[in-house]
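User: I'd like to learn how to read a structure like this one, feature by feature. Could you walk me through it?

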Amino acid sequence: MKRFCNRLITGIGLAALLSLTGCGDNEPEPKKNPEPEKKKAAAPAPEKKKTAVKTFADSEEGSFKVRYSNTEQAKKKTEVRDAQENVSILKKDDPGAAVQQEKISKKEQLRRDSFRTKRPAGSFAALLEPLNSGKIIRWSPQWHSEIASGVRLPAVAISPDRTMIVIAETLGEPQGPFGTRLVFLDTCSWTITAVHHLWKKDVRFIAAAPDHTLVLAARRQEAFKSADEIILLDPRNGREKQVLPLPGIRRVYIDPAGWIFAVFARESEKSNRVKVFSSLIKDGSQTGFEWVTSNHSPVIAFSHDGSQYAAAGDQAVELYRKSDCRLIESTPLPDGFVTADLLIAGDTVIAAPESRLQRRAIAFRSSWHQEFGENSFGLLVPQPDDPAHFFGAVMSRKGRISRIALSTLKEQSGVDPEEGRPRTTGDPKAVFAFPKIKVTAVLDEKGCFYLLYLDAAGKRWQKEILIKSTAAK
């Protein structure tokens with residue numbers, strides 16, 4: 001008994017050290033600890049032993065708490081299992097917060113410093129900055145040897161002001177049930193500024209609204225008797241502001257005015273419909289309207305000024321006028337083409353096919369259209385420094401990231417991510433460019449997040465690796 005108590009006290013001490021300050025956990029699921037706590041040894045009924053259960057607090061303090069529950073009831077309770085070993089928050093003066101500095105030249109350090117900028121007032125980054133003042137948050141995507149990619153990162157999105165990247169990590173055992181960890185990466189400081197947990201939500205898609213509300217598409221789970229649903233999340237505390245059940249929902253897109261466009265799964269009876277909520281974010285109104293497309297489960301894109309939007313899937317590229325949602329034009333897609341990504345750049349709509357198809361992307365302009373580049377990897381990259389003249393695209397061969405001129409559809413510049421040093425081997429999963437800093441942010445399929453840039457001389461591609469999966473540690 002003494003040995004058990006000593007081990008429990010050590011475990012509780014370690015949990016306190018790794019407490020996640022600022023994590024807004026939604027209905028936290030306890031993690032069972034079979035060891036009884038020493039202080040509870042004098043319980044009046046020996047046969048009713050209380051088990052210490054660690055959970056994350058739903059508060060800005062984010063500290064670990066200890067709960068006690070009946071063992072039999074705990075066994076019957078459905079829960080998401082997660083060891084919490086790949087995320088921690090430390091005070092800046094904590095000895096464990098120190099990291100081994102990479103040896104780089106002074107010029108290289110100045111180059112990297114130029115990628116750190118002041119947070120604009122009113123930005124998403126400024127909103128979350130106070131959450132963990134004086135703290136250091138560390139996260140590494142958990143490696144799972146039983147799946148091909150090794151990590152479970154189903155969704156990633158960037159805020160409209162491009163100051164925050166949000167990454168979803170799936171929690172739970174391979175067979176479920178599943179929860180979701182949301183990691184907020186500040187693109188001004190390139191540090192993790194918040195982590196929130198949604199313990200009973202299987203989030204599959206993320207979109208960020210102009211007012212910084214997160215809009216999530218979550219998949220139903222039989223274990224929790226939950227439905228497919230849209231979740232409006234407050235990023236400051238990780239709490240749900242509103243939940244809207246919507247059978248078959250798989251993706252959500254948000255236009256510059258804050259309208260939500262909900263897209264359904266291909267197997268859904270509503271796969272050729274898009275439901276639009278014009279006031280859900282603004283005032284919580286669930287009243288919406290649907291429009292029918294020629295595509296199944298289309299991808300949606302918006303023009304820079306929000307006056308037009310486009311939809312493309314497996315049949316056609318359709319361009320609509322926002323003011324009355326009227327179809328302007330529709331151009332058939334080639335046989336077998338299935339759209340993975342869509343972008344409106346200037347007066348051109350670009351459709352990138354699913355990577356498995358091994359075919360080129362297509363640019364559409366009025367009645368004219370043309371294939372370009374190499375076989376597409378299915379990712380398009382807006383170029384916010386000059387969106388009227390350039391766009392980015394990722395190619396299948398070596399995951400090449402190309403900057404392409406709209407006028408010619410020719411590559412102006414490009415880089416194979418593996419060329420940058422230090423070496424990484426995962427294909428890009430998400431790629432982001434920025435208006436004021438000459439850097440490309442890449443999240444690859446193996447859970448490595450890095451900044452890709454040319455050195456000060458403009459000759460060699462370099463990487464600053466910010467995040468690695470637990471397998472790479």
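Analyst: Sure, and keep in mind that this is a predicted model. Let's begin with a side-chain pair: Glu169 and Asn86 are joined through their side chains by a polar contact of 3.3 Å.

User: Which backbone nitrogen lies 2.8 Å from a polar atom of the Glu169 side chain?

Analyst: That of Gln142. As for the setting, Glu169 belongs to strand E7, which covers residues 164-171.

User: Is Glu169 buried or exposed?

Analyst: The cut-off for buried is under 20% relative accessible area. Glu169 has 2%, so it counts as buried. Beyond its neighbours within four places in sequence, Glu169 is in contact with several residues, including Trp139, Pro141, Arg152, Leu153 and Arg181.

User: Trp139 caught my eye. Which residues touch the most other members of the largest nonpolar core?

Analyst: Trp139 is one of them, along with Ile165, Trp190, Ile192, Phe434 and Phe449, in a core of 26 residues. Several strands give two or more residues to this core, among them E5 (135-139), E7, E8 (179-186) and E9 (191-198). The largest share is three residues, and it comes from E31.

User: And what is Phe434 in contact with?

Analyst: Setting aside neighbours within four places in sequence, the contacts of Phe434 include Ile158, Trp190, Pro384, Val439 and Ala441. There's also a second, separate core of 25 residues, with Tyr309, Ala311, Leu319 and Phe337 among its members.

User: Trp190 keeps turning up. What is its phi?

Analyst: Near 55 degrees, a positive value in a residue other than glycine. Trp190 sits in the loop between E8 and E9. With a relative accessible area of 4%, Trp190 is buried. Now try Cys325: its phi is also near 55 degrees, and again the residue isn't glycine. Cys325 is in the loop between E20 (316-321) and E21 (326-332). At 22% relative accessibility, Cys325 counts as partly exposed.

User: Let's look at peptide bonds. Which residues does a cis bond with omega about 0 degrees join?

Analyst: Gly176 and Pro177. Pro177 is in the loop between E7 and E8. Another cis peptide bond runs from Arg421 to Pro422, with omega near 5 degrees, and Pro422 lies in the loop between E28 and E29.

User: How do I read a sheet? What is the strand order in the open sheet of seven strands?

Analyst: Follow the pairing from one strand to the next: E22-E23-E24-E25-E26-E27-E28, with antiparallel pairing. E22 (339-345) and E28 (411-415) are the edge strands; each has a single partner, so one side of each has no neighbour in the sheet. From one strand to the next, the twist averages 35 degrees.

User: How many bridges join E23 to E24?

Analyst: Three, between residues 348-353 in E23 and residues 360-365 in E24. To see how residues line up across strands, look at Ile350, which stands opposite Ala363 in E24.

User: Last one: what is the average pLDDT of the protein chain?

Analyst: It averages 86, and 83% of the residues score at least 70. Over residues 1-28, though, the pLDDT is below 50, and that stretch has 80 contacts in the model beyond near neighbours in sequence. Residues 30-68 also have a pLDDT below 50, with 93 such contacts. Where pLDDT is low, the predicted coordinates shouldn't be read in detail.

Conventions: Residues numbered from 1 in each chain as written. Heavy atoms only, no water. Helix = DSSP H or I, 4+ residues; strand = E, 2+ residues; numbered from the N terminus. Buried < 20%, exposed > 50% of the residue type's maximum accessible area, 1.4 Å probe, protein only. Polar contact = N/O pair within 3.5 Å; in protein donor to acceptor, adjacent residues only side chain to side chain. Contact = heavy atoms within 4.5 Å. Core = buried A, V, L, I, M, F, W, Y, C linked by side-chain atoms within 4.5 Å. pLDDT = per-residue confidence, 0-100. Pairing = 2+ DSSP bridges. Axes fitted to C-alpha atoms, helices over the stretch in contact; angles between N-to-C directions.
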